Amino acid sequence: MDLFMSTIFVIFLFVFPLLKLLNWLFGDREDCCYMLNYECYKPTAESRVVDTESSCRVVMRNRTLGWEEYKFLLQTIVSSGIGEYTYSPQSVIDGKEDCPDFRDSIEEMDDIFFSTLDQLFEKSGVSPQEIDILVVNVSLLSPEPSLSARIVNRYKMRPGIKSYNLSGMGCSASLIAIDLVRQIFKVKKRAFAVVVSTESLGPNWYCGKEKSMMLSNCLFRSGGCSMLFTNNPDLKHRANFKLKTLVRTHFGSNDEAYECCIQVEDDEGYKGFRLTKKLTKAAAKAFIINLKVLLPKILPPWEILRYLLVSLRWGKQKNPMLEAVGQGLNLKSGVEHFCIHPGGRAVIDGVGKSLGLSEYDLEPARMTLHRFGNTSAGGLWYVLGYMEAKKRLKKGDRIFMISFGAGFKCNNCVWEVMRDLDDPNVWADCMDRYPPKTLVNPFTHRYGWINDQYLSFFRLEDCIFASDLKPDKQH
């Protein structure tokens, strides 16, 4: 064993630095992907704001729920880590979640697309007619003509534009779209690319009473982001970030992983998104597979030696926990910041514990979940925006971006900060209030009775929202 470890040490002490040098001297340094700008979505209408109480009123409109289902939803909302100023689709605000029409679905997308793209083009000084590549990802809405075609038509983009429409890719779709751009950049030089990431929520609201499918109604909120990329080295000085590496992992060959996050119909025919208890296990396994490829690309030689020892332990774990994935590794030797998908408290806590991160590292993801909720594929960019608004990002810093999505997928990448950044972006109106003194939901005390087992006899009609029920439904 001592001889084995000595051999490994010699290899990484001498051979690894030599390989790094050869790659730098003879590698293809022309393959680059710069992010020039990004714009996150924030509704301007105050009517779109939802807090805990208004969320409960939306829940009350579902006449299929009994007392136990209502109590479950209330417990989930109060303990979700989501704050009092997130945004919901207009169709849900208007009470049309059980009967959405196609026009509402398209208007929801148009609002996110065009508001972010208008700002993106204006801020970057790049004309829509200069765009060579367009990638749009919306998982749960795929009309014909495509959503990307709507953007081409709106901005009268050039006939030779290469447009792509990705659906069904889940919360990690942003990095899939960016990887597609990166691959196209290898054959199309000095090009501009736009990526638009969001999700269709209004027409996909679950109106049934299966608990594993009701979770998405509690966690997901309106949001999205438009991004501008180029591989033109002459524009390097204008870039905010440079993509250093990106690794995609698809664990869909595993049945449990495939089914842990899936769109289905319940027994009563209501369509929705089912999240099972197997999700964290699937995330852990996919994360391990991804890190085995990614870490050697970003860690210094001495940490890669440690990584080899840790990876031997990974191979012995039949049922790894997300919290234990990266224990024993010092990722801060390779990156300075961690941009974690704000999918929920469990995801943030699990990734944080597994990578040995501090509350300072987790703050951007926690605050994003609190302020904007889970905005699906757009969520990562609100987290990045928080870091920028807090003036954390300095030239030369590296950002580890971590995402999980249905399939089951784990897509991660590393960005290099190209210049000091301090744009307050969508956080401008609330940055002075973050982080708040507490993330405890202000309605926790009011709804504390929901955890009292002695109130199992309580009737739904007796709760504080009884006035919302129709007269013919009261008893």
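How are H3 and H8 oriented to each other: roughly parallel, roughly perpendicular or oblique? Keep that in mind while you get your bearings; we'll pick those two helices out shortly. What you have open is a predicted model.

**The whole protein**

Start with everything shown as a cartoon. You'll find 14 helices and 13 strands. The protein has 475 residues, and buried ones make up 55% of them. Now think about which parts of the chain touch. Among contacts between residues at least 6 apart in sequence, 80% join residues at least 24 apart.

**Stop 1: helices H3 and H8**

Select residues 211-219, which form helix H8. This helix is mostly covered, with 7 of its 9 residues buried. The buried ones are Ser 212, Met 213, Met 214, Ser 216, Asn 217, Cys 218 and Leu 219. What do they pack against? Add helix H3 (67-79), strand S9 (261-265) and strand S10 (271-275) to your selection, and you have the partners of those buried residues.

Now hide the two strands and look at the helix pair. The axes of H3 and H8 lie 10 Å apart, and the packing angle is about 40°. Angles from 65 to 115 degrees would count as roughly perpendicular and those under 35 as roughly parallel, so H3 and H8 are oblique to each other. That settles the opening question. Their crossing is right-handed.

Show side chains to see who takes part. H3 brings Glu 68, Glu 69, Phe 72, Leu 73, Thr 76 and Ile 77, while H8 brings Lys 211, Met 214, Leu 215 and Cys 218. Sorted by type, the contact of H3 with H8 has 6 nonpolar residues, 1 polar and 3 charged.

**Stop 2: the nine-stranded sheet**

Next, go for the strands. Here you meet an open sheet of 9 strands with mixed pairing, in the order S5-S4-S6-S7-S1-S8-S13-S12-S11. Its edges are strand S5 (162-166) and strand S11 (337-340), each of which pairs on one side only. Neighbouring strands of this sheet are turned against each other by 20° on average, if you ignore direction.

Colour S8 (residues 241-250) and check both of its sides. On one side is S1 (residues 34-40), joined to S8 in the antiparallel sense by 2 bridges. Click Met 35, and its bridge partner in S8 is Phe 241. On the other side, S13 (residues 409-417) pairs with S8, again antiparallel, over 9 bridges. To see one of those pairings, pick Arg 248, which stands opposite Asn 411 in S13.

Then move along to S6 (residues 192-198) and S7 (residues 224-230). These run antiparallel too, with 7 bridges between them. Try Ala 193: which residue of S7 stands opposite? Select Phe 229 and you have found the partner.

Before leaving the sheet, bring up helix H10 (residues 279-298). H10 lies across S8, strand S12 (398-405) and S13, and runs at about 140° to S8.

**Stop 3: a glycine pair**

Follow the chain out of S8 into the loop that leads to helix H9 (255-259), and you'll pass Gly 252. Now add Gly 407, which is 155 residues away along the chain. How far apart are their C-alpha atoms? They are separated by 5.2 Å. Leaving out neighbours within four places in sequence, Gly 252 is in contact with Tyr 258, Gly 407 and Phe 408.

**Stop 4: helices H5 and H6**

Select residues 102-124 for H5 and 147-155 for H6, whose axes come within 11 Å and cross at roughly 50°. That makes this pair oblique as well, and H5 passes H6 in a right-handed crossing. Turn on side chains: from H5 you get Ile 106, Met 109, Asp 110, Phe 113, Phe 114, Leu 117, Asp 118 and Phe 121, meeting Leu 147, Arg 150, Ile 151, Arg 154 and Tyr 155 of H6. The contact of H5 with H6 divides into 9 nonpolar, no polar and 4 charged residues.

**Stop 5: helices H13 and H14**

Finish with H13 (residues 359-372) and H14 (residues 379-389). Their axes come within 9 Å and cross at roughly 115°, and the crossing is right-handed. Glu 363, Pro 364, Ala 365, Met 367, Thr 368 and Phe 372 of H13 meet Gly 379, Tyr 382, Val 383, Tyr 386 and Met 387 of H14. By type, this contact of H13 with H14 comes to 8 nonpolar residues, 2 polar and 1 charged.

Conventions:
Residues numbered from 1 in each chain as written. Predicted model: local features only at pLDDT ≥ 70, side-chain atom pairs only at ≥ 80, totals over all residues. Heavy atoms only, no water. Pairing = 2+ DSSP bridges. Helix = DSSP H or I, 4+ residues; strand = E, 2+ residues; numbered from the N terminus. Axes fitted to C-alpha atoms, helices over the stretch in contact; angles between N-to-C directions. Parallel < 35°, antiparallel > 145°, perpendicular 65-115°, else oblique. Left-handed = near helix turned anticlockwise from the far one by under 90°. Contact = heavy atoms within 4.5 Å. Nonpolar A, V, L, I, M, F, W, Y, C, P; charged D, E, K, R; others polar. Buried < 20%, exposed > 50% of the residue type's maximum accessible area, 1.4 Å probe, protein only.
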